[in-house]
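Q: Could you take one part of this chain, a buried strand residue and what surrounds it, and go through it closely? I would like a single connected account that starts from the packing and works outward to the neighbouring elements.

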Amino acid sequence: KYYPVLSQYIAYTDTGKSLDLESFITGFERNGAEYLFEEEDDDALPGGRGDVEISGDVDYDTAGTYTVDYTFTSEDGVSATTKLAVVVR
């Protein structure tokens, strides 16, 4: 499984200010090895940022903690998910 690697796993924002959720994706991790977009050849990566499905609803107008899922499915159909906690203050 290739898990999406994020630049951070808890993100903070103020009410009324949204986040660019795709910008948190920095690469993939498999069996403890990280494959980062800016460090690897495209051939070494199983996919790109656009291949990671981002799901979860964040209400930027209401304070609270929300969970966003980043799911990557490899060519052989194996999926792995990484979670981001978004704290709206």
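**Around the core and strand E7**

A: Once its neighbours within four places in sequence are left aside, Leu-84 is in contact with Leu-6, Gln-8, Tyr-9, Ile-10, Ala-11, Leu-21, Phe-24, Tyr-66, Thr-67, Val-68 and Tyr-70. This and everything that follows is read from a predicted model.

Two of those contacts, Leu-21 and Tyr-70, reappear when the largest nonpolar core is considered: this core has 19 residues, and Leu-21, Tyr-70 and Leu-84 are the ones that touch the most other members. Strand E3 (25-30), strand E6 (64-73) and E7 are the elements that each supply two or more residues to the core, and E6 gives the most, with four residues. As a general matter, nonpolar side chains in soluble globular proteins tend to be buried together.

Strand E7 spans residues 79-88 and also holds Thr-82. Thr-82 counts as buried because its relative accessible area is 10%, which is under the 20% limit. A polar atom of the Thr-82 side chain lies 2.7 Å from the backbone oxygen of Pro-4. Beyond residues up to four places away in sequence, Thr-82 touches Tyr-3, Pro-4, Leu-6, Tyr-9, Val-68, Asp-69 and Tyr-70. Leu-6, Tyr-9, Val-68 and Tyr-70 are thus among the contacts of Thr-82 and also among those of Leu-84.

Leu-6 leads from here into a sheet, since its bridge partner in E3 is Ile-25. Strands E1 and E3 run antiparallel and are joined by four bridges, and they belong to an open sheet of three strands in the order E1-E3-E4, with antiparallel pairing. Strand E1 (3-6) and strand E4 (33-36) stand at the edges, each with a single partner strand, so one side of each has no neighbour in the sheet. From one strand to the next, the twist averages 40°.

A contrasting environment is found at Asp-14, in the loop between strand E2 (10-13) and E3. Asp-14 counts as partly exposed because its relative accessibility is 35%, a value between the 20% and 50% limits. Apart from residues up to four places away in sequence, Asp-14 touches Tyr-60, Val-88 and Arg-89. The chain also brings Asp-14 and Asp-61, which are 47 residues apart in sequence, to a C-alpha separation of 8.6 Å.

Technical notes: Residues numbered from 1 in each chain as written. Predicted model: local features only at pLDDT ≥ 70, side-chain atom pairs only at ≥ 80, totals over all residues. Heavy atoms only, no water. Buried < 20%, exposed > 50% of the residue type's maximum accessible area, 1.4 Å probe, protein only. Polar contact = N/O pair within 3.5 Å; in protein donor to acceptor, adjacent residues only side chain to side chain. Contact = heavy atoms within 4.5 Å. Core = buried A, V, L, I, M, F, W, Y, C linked by side-chain atoms within 4.5 Å. Pairing = 2+ DSSP bridges. Axes fitted to C-alpha atoms, helices over the stretch in contact; angles between N-to-C directions.
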